[in-house]
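Biologist: I want to learn how to read the features of a model, one at a time. Could you take me through one?

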Amino acid sequence: MNEQLFKLSPSNVTVEAGLSTGPVSVESYISPEHYAREKEQVFRRAWLLLGREEEIPNAGDFVTRDIDVCDANVLITRSKGGHVRAFHNVCSHRGSHVVLKPSGNAGKFVCPYHNWTYKNDGSLVGVPDESSFFNFDKKNCGLTPIAAEVWEGWVFINLSPEPQVSLREFLGPLADLMAGIPYPAAGHPIVIQADIDANWKAICDAFIETYHIPVLHAETIGTTYASPENPFAHMLDARMLGAHRLISTYGNANYAAKPSNKVERLGQDTHSTASVTSCSNDPALVSFLEHPAVNPTKSTSWAQDVYHVFPHVHIDVGPGGFWTHNFWPTSHKTTRYEARFYVPPAATVAERFRQELFISRVVEVALEDLANVARTQKGMQSRAKGFMYLQENEVAIRHLHSTLDKWVKASTVREALA
Ligand code: FES
Ligand SMILES: [Fe+2]
């Protein structure tokens, strides 16, 4: 039996992390007032992870993103010099969005309202009928810049006019642990989006605890993440990392698809790891899997790790590479959920088959989770229960609430991070 299974004895990580063991209020899932505080105190002050820089590899590449929780639409560009820059996608003339496409490549951006034209570096270079304006100086009318930084290929922005701490300080111990991970296939995401009737934390919670897996996912991944020797899917490891957190989950090394699951067995026949959480045999995986932050206990019974980058992104790593879950709040009870699976383009029919199998399996599991969180949100909104009870394997949820509480109350970001 694997000794590491029992690393998380009851009240071990929770107590060692200095967290309370009492019930946790559900108010932050249902209160419009709390959501208003999260908008101002968390999302407008934290560094927000947007995606991988490999998604805009060339000079002139751009993406636009709606960030409802900050009432912002953001334009991210790659400059001629290779730098990643971010701007409010808002015209200096009368406030129209300038770029309407979600992504592309352009040297100049032309506003669709009256044709004001901006260069990729944000400067205003064209104003039709310019002489009819009054005391007008184009130099002062560029796009409004947003603080943007790239760390280990991850693109972050900060919507404060002046970020209170550097990205490195914000990431803290998470950056120490994850530095140097060689992410495979980082430029090739398969994206799945859905608008969910649930608070962003309700969805986030569902993807960072394994207690529910043998129950809610009994028909799909229940026997992958649990086994007779670990019936409640206890985790291998959990670490609280400043504002962020990690869980490393158990995987049943003896898992095998039932003989009746002929399609799944065919997919596994073409794959060395036989895990439903992976679909790639990319050679780059060798150094990826050796990194200390990937399967941090180096267990032979490992399914995947979840790194929760506060406030709204999970970076998941597994035997076949990495993927992200993004929980973008759109109101106190709705969320734009986006999953991005980074897999290399299939080189053979067998690889393509395995990827399709993987995606259909992942979507099946995600639908089980997403339907459930919508029900959970309704249950919380009924106010029948004011609190929830969290056990040791739900420690990451408790830590998120503790972190969120600090951020909502703290007058400075440094105080929230202390
Ligand atoms: S609002 Fe953009 S050109 Fe008028
Ligand atoms: Fe789940």
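Modeller: We will go through sheets, a helix, aromatic pairs and backbone outliers in turn. Keep in mind that this is a predicted model.

Biologist: Start with sheets. What is the strand order in the open sheet that holds strand 2 and strand 11?

Modeller: Read the order across the sheet, not along the chain. Here 7 strands run 2-11-10-5-4-3-6, and the pairing is antiparallel.

Biologist: Which are its edge strands?

Modeller: An edge strand pairs on one side only; here these are strand 2 (47-52) and strand 6 (103-105). Look at the twist as well. Neighbouring strands of this sheet are turned by 25° against each other on average, direction ignored.

Biologist: How many bridges join strand 4 to strand 5?

Modeller: Strand 4 (residues 72-78) and strand 5 (residues 84-88) run antiparallel and are joined by 5 bridges. For a register mark, take Thr77, which stands opposite Arg85 in strand 5.

Biologist: What order do the strands take in the open sheet with strand 12 and strand 18?

Modeller: That sheet also reads straight across: 12-18-17-16-15-14-13, 7 strands with antiparallel pairing. Strand 12 (189-196) and strand 13 (237-241) are the edges, each paired on one side only. The average turn between neighbouring strands is 15° here, direction ignored.

Biologist: How many bridges hold strand 12 to strand 18?

Modeller: Strand 12 pairs with strand 18 (residues 334-342) over 8 bridges, in the antiparallel sense. Ile192 stands opposite Ala339 in strand 18.

Biologist: Which helix lies across strand 12 and strand 18?

Modeller: Helix 11 (residues 349-381) does, running at about 20° to strand 12.

Biologist: Now a helix. Which residues of helix 3 are buried?

Modeller: List them, then look down the axis. In helix 3 (residues 32-43), the buried residues are His34, Tyr35, Glu38, Lys39, Val42 and Phe43. They fall within an arc of 150° around the axis, so they line one face of the helix.

Biologist: What covers the buried residues of helix 3?

Modeller: The cover includes helix 2 (27-30), strand 2, helix 6 (200-206), strand 17 (321-331) and helix 12 (395-409).

Biologist: And what happens at the start of helix 3?

Modeller: Look for a side chain that reaches back to the backbone. A side-chain oxygen of Ser31 comes to within 3.2 Å of the backbone nitrogen of Glu33.

Biologist: Next, aromatic pairs. How many does a search of the whole structure find?

Modeller: The search finds 16 aromatic pairs. Two values describe a pair of aromatic rings: the distance of the centres and the angle of the planes.

Biologist: Why is the pair of Phe43 and Trp200 called edge-to-face?

Modeller: The planes of Phe43 and Trp200 stand at 85°, with the centres 5.3 Å apart, so the pair is edge-to-face. The pair links distant parts of the chain, since Phe43 is in helix 3 and Trp200 in helix 6, 157 residues apart. Both Phe43 and Trp200 are buried.

Biologist: How do the rings of Trp116 and Phe133 pair, and what are their values?

Modeller: Trp116 and Phe133 have ring centres 5.7 Å apart and planes at 75°, so this pair is edge-to-face. Trp116 lies in the loop between strand 7 (108-110) and strand 8 (117-119), and Phe133 in the loop between strand 9 (124-126) and strand 10 (145-151), so the pair ties together parts 17 residues apart in sequence.

Biologist: Is Trp116 buried or exposed?

Modeller: Trp116 is buried, at a relative accessible area of 3%. Phe133 counts as partly exposed, at 32% relative accessibility.

Biologist: Which residues form one aromatic cluster with Trp154?

Modeller: Tyr183, Phe322 and Tyr342 join Trp154 in one aromatic cluster.

Biologist: Last, the backbone. What should I look for?

Modeller: Most residues other than glycine have a negative phi, and most peptide bonds are trans. Look for the exceptions. The peptide bond from Phe310 to Pro311 is cis, with omega near 0°. Pro311 sits in the loop between strand 15 (302-309) and strand 16 (313-318).

Biologist: What is the phi of Asn115, a residue other than glycine?

Modeller: Phi of Asn115 is positive, near 70°. Asn115 is found in the loop between strand 7 and strand 8. Its relative accessible area is 44%, so Asn115 is partly exposed.

Biologist: Where is Asn295 placed?

Modeller: Asn295 is in the loop between helix 10 (285-290) and strand 15. Its phi is also a positive value, near 50°. Asn295 counts as buried, at 7% relative accessibility.

Notes:
Residues numbered from 1 in each chain as written. Chains lettered and ligands numbered in written order. Predicted model: local features only at pLDDT ≥ 70, side-chain atom pairs only at ≥ 80, totals over all residues. Heavy atoms only, no water. Pairing = 2+ DSSP bridges. Helix = DSSP H or I, 4+ residues; strand = E, 2+ residues; numbered from the N terminus. Axes fitted to C-alpha atoms, helices over the stretch in contact; angles between N-to-C directions. Buried < 20%, exposed > 50% of the residue type's maximum accessible area, 1.4 Å probe, protein only. Arc of directions from axis to C-beta. Contact = heavy atoms within 4.5 Å. Polar contact = N/O pair within 3.5 Å; in protein donor to acceptor, adjacent residues only side chain to side chain. Phe/Tyr/Trp six-rings, centres within 6.5 Å; stacked < 30°, edge-to-face > 60°.
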